[in-house]
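Here's a quick tour of the charged side chains in this model and the company they keep. Have the structure open while you read.

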Amino acid sequence: MSATHVGSAWSCTVRLVVEDDRALAPATADLHALLDRVDAAASRFRTDSALSVANARAGRPTPVPRLLVELVAAALQAAAQTEGAVDPTLGLAVQRLGYDRDIADVVADDPAPLTATPSPGRWRAVKLHREAGLLTVPVGTALDLGATAKAWTADRAAAELAARYGTGVLVELGGDLAVAGHRPGGWVVRVAERAGQPGQLVLLEQGGLCTSTTTIRAWRRGGRAVHHLINPATGEPAAGVWRTASVAAASALAANTASTAAIVRSADALERLTAQNLAARLVAQDGAIVTTAGWPVQTEELAA
């Protein structure tokens, strides 16, 4: 019999479902222990995190733990795969937009002027020596792994827990969802722009499903509405055709990379997703919904 844990971390909902209810308690403890380790390694809101130390030492090689090496490597891979649309060197850009603390503490309507910080291509200057565990952040930038760390962690947690407890596992971290192990019939997942809102129930059998949206983690700055998805080319919040993108892929990391890139790329996102054979559901600014071929089988459309 399956069992579910719902909690919170990183200012987002944490959901764990295990097919074998006997595994719920130890798997929950293991999941939150991993979340704590990732936070200590990669939080940009903690001055004592390994990432904050490396950012403060920009321009100099800094020893970092193996966990941060893996997280930065995943972020750089996402940047390469998206030709820089998903860029981990946007730490200063989001800070200057007002996102310089945990989202729960960001001032909802800050009168300070909006300061854009374009940084196209700066991710290429990040130096990561994986064997030696050395990270060099480019001068004039700061790393922010928010675009990939949650998805990477969901993948890692699902795979480790499924193997450790021999059961089907679903892990969701604030819209980044990964499944592993065996569950007869697959997983029925609701896709919506916000938790608790009407959406679509779809069937996911493996891999990951992630949603990126401009409708949450949003605030006002200098009289303008802003959000956390930044276009590296402008240093400003991405603005374009789509307000929300959901993607199903072989992993949560791949899904989140594609969904974030879709918001940033805007007009050509649908064409790129189709060319990559990625299953996606895009919501336009006016609420119109478009899906690519292969979008998971719809099981039910929830009424408003």
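## Salt bridges, and what sort of model this is

A salt bridge here is a side-chain nitrogen of Lys or Arg within 4 Å of a carboxyl oxygen of Asp or Glu. By that rule, the structure holds 14 salt bridges.

Before going on, keep in mind that this is a predicted model, with local features needing pLDDT of at least 70 and side-chain atom pairs counted only at pLDDT 80 or more, while totals for chains, interfaces and linings use all residues. Residues are numbered from 1 along each chain as its sequence is written, and side-chain values use heavy atoms, with hydrogens and water left out.

## Helix H5

Let's start with H5, which covers residues 149-165. Helices (H or I, at least four residues) and strands (E, at least two) are DSSP runs, numbered from the N terminus. The expected span of a helix is 1.5 Å times one less than its number of residues. For the 17 residues of H5 that gives 24 Å, and the end C-alpha atoms are indeed 24 Å apart, so the two agree. Right after the helix comes Gly-166, with a positive phi near 60°.

Plenty of H5 is tucked away: its buried residues include Trp-152, Asp-155 and Leu-161. Buried means under 20% relative accessible area, exposed means over 50%, and partly exposed is in between (1.4 Å probe, protein chains only).

## Arg-156 and its network

Which residues does Arg-156 touch, not counting those up to four places away in sequence? They are Leu-34 and Glu-70, where contact means heavy atoms within 4.5 Å. The side chains of Arg-156 and Glu-70 also make a polar contact of 2.4 Å. That term means a pair of N or O atoms within 3.5 Å; within protein, one must be able to donate a hydrogen and the other to accept it, and residues adjacent in sequence count only if both atoms are side-chain atoms. Arg-156 has a relative accessibility of 26%, so it counts as partly exposed.

Zoom out a bit and you'll find Asp-30, Glu-70, Arg-156, Glu-160 and Arg-164 linked in a network of salt bridges. Within it, the side chains of Glu-160 and Arg-164 meet at 3.9 Å, N to O. These two both lie in H5, four residues apart, about one turn of the helix. An α-helix has 3.6 residues a turn, so residues three or four places apart point the same way. Glu-160 is partly exposed at 28%, and so is Arg-164, at 46%.

## Arg-183, a double act

Arg-183 pairs with Glu-19 in a salt bridge of 2.9 Å, N to O. Arg-183 sits in the loop between strands E8 (176-180) and E9 (187-191) and Glu-19 in the loop between strand E2 (12-18) and helix H1 (24-42), so the pair ties together parts that are 164 residues apart in sequence. Both are partly exposed, Arg-183 at 25% and Glu-19 at 23%.

The charged end of Arg-183 also sits over the ring of Trp-187, 4.3 Å from its centre. To count, NZ of Lys or CZ of Arg must be within 6 Å of the ring centre and within 35 degrees of the ring normal.

## Two more to click on

Arg-272 forms a salt bridge with Asp-268, the closest N and O atoms being 2.9 Å apart. Over in strand E7 (residues 169-173) is Glu-172, with a polar side-chain atom 3.3 Å from the backbone nitrogen of Gly-175.
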